[in-house]
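Biologist: Could you pick one part of this model and take me through it slowly? I'd like to see how its pieces fit together.

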Amino acid sequence: MLTNMYPTQVDPHFGCFVKDQVDDLRRLGVDVSVVAFDARSHKQRYLMAAPRLRRALRLERYYIVHAHYGLSGALASLQLATPVVTTFHGSDAWVRWQRTVSWLVARRTQPIAVAPAIATRLGVHDAPVIPCAVDLDVFAPVERAEARRELGWPRVGPCVLFPAARSDRSKIANKRVDVFDAMIDRLRRSRPGVSATSLDGLSRREVALAMNAADVAVITSMCEGAPVVVKEALACRTPVVSVAVGDVSTVVAGLPGCAIVAREPEALAKAVGRALDMGRDPLLRESMVAYGRRPIAERVLQVYRRLLADRFER
């Protein structure tokens with residue numbers, strides 16, 4: 001597994017969905033090694049990871065290199081001896097210069113897209129669509145009052161969640177927190193007791209509590225692939241109001257309290273108001289069973305098996 005997203009002691013949330021996939025594949029009997037690096041602030045770390053990958057492939061025989069993110073796939077595809085699977089996550093298909101690289105990588109490797117829109121964007125319409133999994137054990141329903149008590153949140157009054165960290169400067173412009181804040185201002189005109197919160201400074205367990213403590217989660221992003229936070233909120237039976245982005249429209253279609261609306265504060269405020277009136281529904285969590293960790297890992301393993309079968313047949 002070659003990935004530019006993986007948890008560290010400094011940032012234990014970063015790429016936790018990749019680590020989950022590694023752990024889940026191991027539980028299915030796959031022998032997985034990991035070459036991980038963080039190139040968020042220094043793109044040259046991709047080049048620094050190249051000799052680590054070459055060394056790993058030289059020291060042991062691997063059947064597959066699975067790269068997470070398009071630029072990691074570009075790095076993995078520089079070698080031809082071992083077949084490569086590349087999972088495309090979102091910005092690698094939306095950012096113009098990255099999309100050019102990803103377009104090439106999607107044709108040199110076996111692509112997996114986390115959302116149909118990504119496969120379409122890269123022109124690989126027959127690529128398997130496999131989103132990142134949601135941990136249904138961690139993100140499980142908890143009584144709202146208990147979750148708020150543990151987090152130290154106000155016990156009364158509706159609370160609307162911005163399911164991201166405002167402090168993450170690398171992503172906050174795309175998340176459009178300004179639209180979220182304007183929506184809260186509109187909502188308070190009719191519901192003055194509404195509070196708003198985000199995921200800043202929370203551990204993974206606390207994020208799960210926040211998903212339970214909130215009455216509704218709101219996505220206002222410009223671009224997304226298959227945001228795991230949407231599925232995590234639903235797994236906690238918290239409805240999601242979102243703009244049309246990534247796979248969210250498909251995920252929330254027909255679910256009680258959920259809605260897809262325009263990226264306009266007034267439209268978002270009205271949809272959030274309706275969600276607050278409906279409350280939580282068991283159907284939200286039930287809809288997430290197919291996104292659990294084992295089912296998603298099994299789908300990834302099927303891609304490996306098909307790729308190896310095709311290779312050995314030749």
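Modeller: Let's start where helix H7 passes helix H10 in a left-handed crossing. Left-handed says that the near helix is turned anticlockwise from the far one by less than a right angle, and helices here are DSSP runs of H or I with at least four residues, numbered from the N terminus. Keep in mind that this is a predicted model, where local features need pLDDT of at least 70, side-chain atom pairs count only at pLDDT 80 or more, and totals for chains, interfaces and linings use all residues. Residues are numbered from 1 along each chain as its sequence is written, and side-chain values use heavy atoms, leaving out hydrogens and water.

H7 covers residues 144-151 and H10 residues 204-213; they pack at about 135°, with axes 8 Å apart. Those axes are lines fitted to C-alpha atoms over the stretch in contact, with angles from 0 to 180 degrees between N-to-C directions. The angle makes H7 oblique to H10, that is, not under 35 degrees, not over 145 and not 65 to 115.

Who touches whom? H7 brings Arg144, Ala147, Arg148, Glu150 and Leu151, while H10 offers Arg205, Glu206, Leu209, Ala210, Asn212 and Ala213; contact means heavy atoms within 4.5 Å. That's five nonpolar, one polar and five charged residues, with Ala and Leu counting as nonpolar, Arg and Glu as charged, and Asn as polar.

Now hop from Arg205 to Arg311: they sit 106 residues apart in sequence and 42 Å apart in space, C-alpha to C-alpha. Arg311 belongs to helix H15 (residues 293-313). Leaving aside residues up to four places away in sequence, Arg311 touches Leu80, Ala81 and Pro83.

How values were computed
Helices (H or I, at least four residues) and strands (E, at least two) are DSSP runs, numbered from the N terminus.
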